[in-house]
Amino acid sequence: MKLVKKASWTGVSVLLAASVAVTACGNSNNGNSAEGSASPSAQSTGSASSTASAPSTASDLPPAELTWYYLESTQQADLKSVEAEVNKYIKPKLNATVKLKPIAGSDYEQKMNTSIASGEPFDLVWTSDWRFDFNSNTQKGAFLELDELLDKYGQKLKASLPAAAWEDMKVNGKIYGIPNYQIAAKSAGFVVQKRFADKYHLDPGKIKSYRDMEPFFEQIKQNEPGIIPFGINSDFFEARAYGVDYFNKMPHKTVDGKVTVLDQFTMPEYKQHVAMAHEWYEKKYINQDAATLKNKADVEKTGVYASTFDYTQKPGGEAAAKAGNGGNDVVFVPLVEPLFTGVTASITAVSGTSKNPERAVMLAELVNTDPTLYNLLAFGIENKHYTKIGDNTIKVNPSAGYNPGMNWVMGNVTIGYLTEGQPADTWERTKQANDSAKKDVLYGFKFNVESVKAEEANLKAVESEFKKVLDTGTVDPDSYLPQYVEKRKKAGLDRYMAEYQRQVDEFLKSKGQ
Amino acid sequence: MKSASVPRFSKMLVHLMFILVSIAMIGPLLLIVSISFSSESDLLRNGYSFWPRVFSLDAYAIVLKAPKVIAQAYGVTILVTIAGTIAGLFLTATTAYAISRTNFRYGRIGTFYIFFTMLFSGGLVPSYILMTQVLHLKDTLWALILSGLLTPFNIMIMKGFMVKVPGEIIESAKVDSAREWTIFFRIILPLSTPALATLGLFISFNYWNAWFPAMLYIDNPDLVPLQLMLVRIMDSIEFLSQNEQMLSQMGSVQANFPALSARMAMVVLAAGPMLIVFPFFQRFFVQGLTVGSLKG
Amino acid sequence: METAISKSKSGTKRKRVFWPVREWRHLKQNREILGLFFPGFIYILIFAYLPMFGIILAFKRYRYDQGILGSEWVGFENFKFFFVSEDAWRITRNTVLYEMGYIVLTLVFALLFAILLNEIGRNASKIYQTALFVPYFLSWVVVSYISYAFLDQQTGYLNTILQWFGMEPHKWYLEKEPWPVILNVASLWKKVGFSALVYYAGVMGINQEYYEAAKIDGATRFQMAMKITIPMLTPLITIMLILSVGGIFHGDFGLHYFIPNNQGMTYPTTDIIDTYVYRALRNVGDVGMSSAVGLYQSLVGMVLVIATNAVVRKLNKENSLW
């Protein structure tokens with residue numbers, strides 16, 4: 001009934017209200033809109049004359065329909081009931097509804113690139129540094145600048161995350177995204193099946209370098225027929241394990257306060273690494289099909305890999321690794337100290353074509369600060385799509401039609417539930433790990449590729465010709481690494497590196513001021 | 001008839017060749033069917049085989065877990081295929097006929113007008129703008145039907161068949177003061193049955209196999225055609241393995257994606273119906289040919 | 001129809017009719033044919049010609065917030081990456097050679113199958129036709145699973161067979177030599193059924209009287225195929241050829257990306273323009289640069305097609321496409 005009344009009121013004075021309400025929101029400086037609208041009394045329609053000073057509540061805003069594109073792994077049959085529930089929840093708070101448009105991971109980049117390039121109107125969109133690139137799309141003007149919008153409509157959201165997180169959302173000094181906060185302190189290392197670690201007395205604390213794993217691999221190879229000591233299908237090079245700083249895929253060193261970026265493939269450390277990889281490959285420590293394997297996960301499920309490599313080693317991550325490993329327990333063997341790698345791995349941005357950017361930010365704030373809404377989006381409806389088995393832990397019902405398994409796409413994971421098997425203190429440890437991890441000197445730097453686009457494209461194209469076979473040790477680096485380096489030179493490496501260095505210098509200078 | 005005069009031995013040779021070729025053509029499909037009926041754990045341990053070592057229906061149980069979704073996808077595909085084929089075949093025939101008439105001076109420029117679009121396209125972005133923001137056809141079946149309605153390739157092939165219709169037939173009809181429409185429907189179409197059957201087959205297969213327009217224009221899960229479901233299942237594997245490190249560090253999926261046998265079961269479900277339909281189509285196709293060759 | 005043409009010709013001689021008037025008369029005379037052409041004309045205008053304004057993207061630095069028209073013109077900058085690339089020659093060569101190989105192989109085998117299908121009984125021929133068409137239903141992604149089953153270095157059938165004959169197993173995905181054969185076989189396998197069906201329909205349309213007459217003259221079946229069937233199919237063959245020549249610069253992405261499994265070591269013999277561009281722009285995601293390559297491919301295709309058509313027209317006016 002209330003809704004109907006409100007709708008008709010809006011209908012009558014729509015001409016007046018539309019203009020006034022928008023300016024009203026623009027002027028009022030309310031940081032507590034979420035609380036305000038949460039209380040039922042906020043239903044009062046409010047008089048148009050008193051808007052300038054009064055906190056603008058959701059019902060003052062004209063109704064809006066938002067569209068939200070985000071990544072999904074597989075199609076969720078029961079999305080509709082979740083969407084209905086979400087809208088029931090947010091309508092009184094924001095006077096807005098949202099159309100959830102999850103896009104399959106395989107289509108995401110193509111579909112969003114096309115949609116954005118054609119100027120299609122929508123409001124919220126998921127982006128990242130590894131799929132549908134945040135940085136380059138921002139540079140091309142795809143997203144809305146958020147500094148002002150956050151100050152007006154997202155103060156609570158802004159306060160909910162550490163300042164360092166927002167710093168990483170800046171491109172050319174302005175904020176363009178809302179991080180979906182999660183583990184950002186990462187340390188690369190081995191993931192070893194516990195049964196083998198115990199049997200051969202592998203002490204994770206004693207593994208300081210790649211070579212330290214060799215005795216373990218040798219024992220596995222000698223004593224465990226049918227088991228492959230080290231299963232990979234891509235690189236396992238962590239420059240920091242060789243004492244070289246590494247950030248955003250760019251190695252660099254600091255001498256007397258001067259930061260110099262380096263090309264990974266001409267570094268002696270890389271040569272040393274791939275030579276070792278080749279040695280391991282020849283000794284059959286590494287699976288022989290490492291470079292050609294079509295789908296590693298299929299094989300990993302059978303538990304034939306005694307160890308694999310992982311670049312995160314996040315708190316509580318053993319549970320997920322166990323599931324992927326055919327149910328065998330695993331232990332993490334980190335090679336380096338955790339580093340705060342930033343929050344660009346999962347971002348929600350406001351589209352430049354959004355017709356209701358203020359409401360989009362308000363929705364994003366609600367999702368990232370209201371556990372009820374967040375959990376609804378991430379896990380579905382209680383007792384239907386999941387059941388609670390602990391204070392904050394749930395058991396997913398895999399056959400109920402909503403099990404996206406992508407909580408990190410929706411918002412701040414640390415306000416949500418834990419799934420079965422994750423330790424109860426996972427989020428505490430996540431936050432603490434993030435806060436205590438070191439930050440690289442280049443933290444927050446965003447490269448603008450525009451002036452070296454041609455070089456970037458050609459470097460990318462030659463990369464897959466040699467990188468994988470070198471990284472997996474499949475070929476002898478003595479004959480192939482020089483070829484690769486030569487090809488990169490011809491693709492314009494020097495110009496690319498010079499431009500990178502120039503931008504790094506500029507960035508550090510502006511940061512110093 | 002004709003075949004009676006072929007020497008027995010060389011006929012045997014021809015059959016032998018076709019049998020070998022057929023085996024090569026069908027073999028891979030049999031392998032896929034076999035995988036779809038195999039138990040997943042056996043596949044991972046022992047690899048593929050042409051006969052399931054450990055028979056299992058699990059894959060189909062997984063794929064058909066939500067029968068409503070699959071049924072809907074079949075419905076969309078069938079509807080789009082039928083509507084698109086009828087409309088597309090008709091348009092292909094009229095257009096090709098017009099440019100095949102040698103006394104129509106604009107036939108040549110018309111041919112180039114059509115052929116040019118085979119070489120040049122504006123690309124994805126302008127087509128997307130046209131479909132979604134000018135015609136407002138996003139999330140409708142119209143987007144799927146319209147985006148494959150008329151292909152220059154098919155028009156050209158059709159033209160190739162139609163130029164062979166003797167001009168005298170058309171002239172004599174014209175002397176009887178028949179109108180072009182009448183000539184087209186009464187003479188040209190019946191004479192072109194072999195071509196119509198062939199192109200009808202091609203158009204319908206194109207619609208059946210099309211997934212890209214749906215990927216672009218369809219957000220509503222109820223309107224997703226079968227092939228897009230299949231492509232998504234296949235691509236999601238590509239996607240997951242390409243970004244495996246990324247996804248695993250976020251704690252996602254891994255155990256969540258469709259098994260090999262399930263992927264192949266989906267292939268069977270997507271290709272199967274058309275393979276069964278093919279012989280029916282073919283009967284019509286061959287009959288059409290007989291009529292065509294008799295009159296021609 | 002001859003009369004219509006000669007009439008208009010003599011008309012121009014007698015009295016110089018202003019050309020728009022003349023064209024208008026011709027169009028008016030053929031208004032019913034125009035009526036038949038019209039729906040197709042409109043469809044192509046809307047769905048093919050309207051979007052062509054997007055070609056200007058190839059010459060722009062496209063910024064989403066400035067729109068297509070508002071973005072800055074950059075001349076040929078978007079073309080640069082392709083032409084400065086060290087691999088430009090390699091991928092162009094691969095694209096053209098492979099496409100030519102596919103065209104010739106498909107043509108020869110499709111014609112052979114079409115003629116032979118006509119020589120045997122209807123029922124058997126139906127079964128073979130169906131078999132030939134099966135690969136058409138399997139996308140390259142699906143086929144890549146099959147080829148992987150054959151080519152996998154450890155458990156692949158091909159290596160098993162080789163070892164059975166006492167030969168050395170190969171690491172197929174890490175070698176460049178075998179790929180020209182593998183890709184040609186795969187392409188033929190997938191495409192031959194389609195073309196064979198077109199030619200078969202063409203063979204069926206040939207007037208039986210020709211064969212009857214030839215039989216009376218004592219022609220062998222081989223002679224009939226060479227002297228009647230192939231000449232009668234020439235218009236169709238020419239059209240198919242011209243159509244595929246236009247596509248020589250557009251490689252088969254699915255075949256060259258999925259079947260070699262995107263393995264770097266095979267690039268020297270598998271990499272084509274389309275796969276290269278895909279890899280180069282996957283991360284950059286630049287609309288302008290991909291439009292530029294597309295435009296370049298189209299232009300070369302057009303030059304080739306116009307040349308082919310001109311040659312065909314010289315040889316036999318009736319067989320040319322326009």
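Start by selecting chains B and C of this predicted model. Between them, 75 residues of chain B are in contact with 70 residues of chain C. Colour the chain B side of this contact by residue class: 45 residues are nonpolar, 22 are polar and 8 are charged.

Next, keep chain C alone on the screen. Chain C is divided into two parts, domain 1 at residues 16-73 and domain 2 at residues 77-319. Give each part its own colour. Taken over C-alpha atoms, the centres of domain 1 of chain C and domain 2 of chain C are separated by 32 Å. Where the two domains touch, 8 residues come from domain 1 of chain C and 6 residues from domain 2 of chain C. On the domain 1 side, the touching residues of chain C are 5 nonpolar, 1 polar and 2 charged by class.

Now bring back chains A and B and turn to the nonpolar cores. The largest nonpolar core has 245 residues. Select A:Leu363, B:Leu230, C:Ala114, C:Ala196, C:Tyr199 and C:Tyr200, the members that touch the most others in this core. Then select helix H10 of chain C, residues 179-204, which supplies the largest share of the core with 13 residues.

From this set, centre the view on B:Leu230. Which residues is B:Leu230 in contact with, once its neighbours within four places in sequence are left aside? They are B:Met266, B:Val267 and B:Ala270. Apart from the largest core lies another one, of 49 residues. To find this other core, select some of its members, including A:Ala188, A:Ile232, A:Ala321 and A:Val475.

Stay with chain A and select A:Ser136. This residue has its place in helix H6 of chain A, residues 134-139. Is A:Ser136 buried or exposed? A:Ser136 has 22 C-beta neighbours inside 10 Å, so it counts as buried, the cut-off being 20 or more. Add A:Val449 to the selection. A:Ser136 and A:Val449 are 313 residues apart along the chain, yet their C-alpha atoms are separated by 7.5 Å. Not counting residues up to four places away in sequence, A:Ser136 touches A:Val449 and, from chain C, C:Val284 and C:Gly285.

The next stop is an open sheet of 3 strands in chain A, with the order S10-S11-S12 and antiparallel pairing. Select strand S10 (245-247) and strand S12 (258-261) of chain A, which stand at the edges. Why is one side of each left without a neighbour in the sheet? Strands S10 and S12 each have a single partner strand, so there is nothing paired with them on that side. On average, neighbouring strands of this sheet are turned by 35 degrees against each other, direction ignored.

Within this sheet, select strand S11 of chain A, residues 250-255, which is joined to S12(A) by 4 bridges in an antiparallel run. One position to label is A:Lys253, which stands opposite A:Thr260 in S12(A).

Finish with another sheet of chain A, an open one of 4 strands in the order S9-S13-S8-S14, where the pairing is mixed. At its edges are strand S9 (228-230) and strand S14 (330-334) of chain A, each of which pairs on one side only. From one strand to the next, the twist averages 25 degrees. Select strand S8 of chain A, residues 189-193: S8 and S14(A) pair in the antiparallel sense over 5 bridges. Label A:Val192 as the last residue of the tour, and look across to A:Val331 in S14(A), which stands opposite.

Definitions and conventions. Residues are numbered from 1 along each chain as its sequence is written. Chains are lettered from A and ligands numbered from 1 in the order in which they are written. This is a predicted model: local features need pLDDT of at least 70, side-chain atom pairs count only at pLDDT 80 or more; totals for chains, interfaces and linings use all residues. Two residues are in contact if their C-beta atoms, placed from the backbone, lie within 7 Å. Ala, Val, Leu, Ile, Met, Phe, Trp, Tyr, Cys and Pro count as nonpolar, Asp, Glu, Lys and Arg as charged, and the others, Gly among them, as polar. Domain bounds come from an automatic or database domain assignment. A nonpolar core is a set of buried Ala, Val, Leu, Ile, Met, Phe, Trp, Tyr and Cys residues joined through C-beta atoms within 7 Å. A residue is buried if 20 or more other C-beta atoms lie within 10 Å of its own, exposed if 12 or fewer, and partly exposed in between; C-beta atoms are placed from the backbone. Helices (H or I, at least four residues) and strands (E, at least two) are DSSP runs, numbered from the N terminus. Two strands pair if DSSP finds at least two bridges between them. Axes are lines fitted to C-alpha atoms, for helices over the stretch in contact, and angles run from 0 to 180 degrees between N-to-C directions.
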